[in-house]
Amino acid sequence: MRFATKSATRGCLCRGWAVRAGIMSKVLLKGLKKIYDNKVTAVHDVNLEIEDKEFIVLVGPSGCGKSTTLRMVAGLEEISEGELYIDGKLCNDIAPKDRDIAMVFQNYALYPHMTVYQNMAFALKLKKRPKAEIEKKVQEVAQILDITQYLDRKPKALSGGQRQRVAIGRAMVRDPKVFLMDEPLSNLDAKLRNQMRAEIIKLRQRINTTFMYVTHDQTEAMTLGDRIVIMKDGYVNQIGSPVEVFNKPVNLFVAGFIGMPVMNFFDNCRLLLENGVYYAEIRGVRFQLDEFQQKALQQNGQKPCEIIAGIRPQHISVGKGELSALIEVSEMLGTEVNLHTRSNNDEVVMVIPTVDLQTDVSMGKTINFTTQPRLIQLFDKTSGNNLIWFDDKSAAADAPVCKQYNF
Ligand SMILES: Nc1ncnc2c1ncn2[C@@H]1O[C@H](COP(=O)(O)OP(=O)(O)OP(=O)(O)O)[C@@H](O)[C@H]1O
Ligand SMILES: [Mg+2]
């Protein structure tokens, strides 16, 4: 059984409402499994230790078990196997209302006949909190979310983003130990989504609570998460900081899922070993691997093998190198140019900074390209695991063989 923890502490911006002195909100998922009545195993053996005040994002394609995992933490779905602890307390059999958590859903439904104030006050009223306390709490939260001026309005008189903020506010007034959010931005348009994403980052600094956030959007995951949990088919494939999962993807799936544009994959390549030195051979061109790659491969006793080589579009440079490609589409974006090229039978996408660009990158041109060997990701052709970054202790060791890299 493996756990991933985050020991680093973050700067704590405790102010006003946000002060939760002495309240810890650690969440531990220990071998969590969900088998639905129809015998579908939606979640297999999730092990995750979420630190107090940490922002964890669960990300993965549709159906991979993100919502199921979150709903087990919320208590909305029974846990089939494993244990859930909140602050060291076993919560498997504790009712949702007694777990001290709040959840915001994608399809949040505000009460249409109530004002924003009444919507936000509702949960506290049910709890029979004193009127003065409710008033104080709603006003404080409204201020944080910048919706004070809408407190007397009905939801139908609000924009999508404002309604979303009310939905978040409704959860915030309960002052939860853990904030669970299931795709809270997915029904907003692209511009509003970006705005709300920034709002959530600010909010998170202010309210200083543990977050579990579900999305299928990797940009959202990368920008919001302290750590990201990448899931596929009910299995956790990797848990790490945004930088870790970007630079050290443990398998083909993670490599292809994280990063925009998607990593280029070259199948039928080879890892060579000559006179104790490792090379990656990509389309007949040899790259002598960097020192750290040599060491890692040596330590693993890696034998020469067939590999799939991965190169990120941002890690390609043009105008030199032995590989060549025909530019089919050239998209000038100002600071960079996106090139969609064909190199023999491979489609290769390149993101090239324009600042020192000397090469003609117009459509129809043939260019040479290369990369730095240390930036080449080496995947075992059979298992799909990264020869450098996968290890038996990583979360992905539980996941089945990962050959998939076309999405
Ligand atoms: N109530 C249910 N009964 C049976 N199977 C279910 C039930 N709810 C979900 N599933 C199945 O469990 C798997 C995981 O579903 P889940 O809703 O957790 O996925 P998700 O990652 O949240 O996907 P999405 O991004 O589409 O919301 C899917 O195969 C789904 O069909
Ligand atoms: Mg879902």
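Ligand 1 sits in a shell of 13 residues, and the closest ones are Tyr36, Ala42, Ser62, Ser67 and Thr68. Keep in mind that this is a predicted model. The protein around that ligand has 407 residues, of which 41% count as buried, and it splits into domain 1 (16-247) and domain 2 (258-398).

**Around the ligand**
- Helix α1 (residues 66-74) gives the largest share of the shell around ligand 1, namely three residues.
- Sorted by class, that shell holds eight polar residues, four nonpolar ones and one charged one.

**The six-stranded sheet**
- Six strands line up as β6-β7-β8-β3-β9-β10 in an open sheet with mixed pairing.
- Why do β6 (101-104) and β10 (235-240) each have one side without a neighbour in the sheet? Both stand at the edges with a single partner strand each, so one side of each is left free of a sheet neighbour.
- From one strand to the next, the twist averages 15 degrees.
- Strand β3 (residues 55-59) and strand β9 (residues 227-232) run parallel and are joined by four bridges.
- If you want a spot to look at in that pair, try isoleucine 56, whose bridge partner in β9 is arginine 227.
- Helix α4 (residues 160-172) packs on the sheet, where it touches β6 and β7 (178-182). The direction of α4 makes about 170 degrees with that of β6.

**How the two domains meet**
- Taken over C-alpha atoms, the centres of domain 1 and domain 2 are 38 Å apart.
- Eleven residues from domain 1 and seven residues from domain 2 take part in the contact.
- On the domain 1 side, β2 (41-50), α6 (218-224), β10 and α7 (242-247) each bring at least two residues.
- Which element gives the most to the side of domain 1 that touches domain 2? That's β10, with five residues; β10 is also one of the edge strands of the sheet.
- The domain 1 side of the contact is made up of five nonpolar residues, five polar ones and one charged one.

**The whole chain at a glance**
- Overall, the protein has nine helices and 19 strands.
- The C-alpha trace spans about 75 × 45 × 40 Å along its principal axes.
- Look at contacts between residues at least 6 apart in sequence, and 69% of them join residues at least 24 apart.

Terms used. Residues numbered from 1 in each chain as written. Chains lettered and ligands numbered in written order. Predicted model: local features only at pLDDT ≥ 70, side-chain atom pairs only at ≥ 80, totals over all residues. Near = placed C-beta within 6 Å. Nonpolar A, V, L, I, M, F, W, Y, C, P; charged D, E, K, R; others polar. Pairing = 2+ DSSP bridges. Axes fitted to C-alpha atoms, helices over the stretch in contact; angles between N-to-C directions. Domains from an automatic or database assignment. Buried ≥ 20, exposed ≤ 12 C-beta atoms within 10 Å, placed from the backbone.
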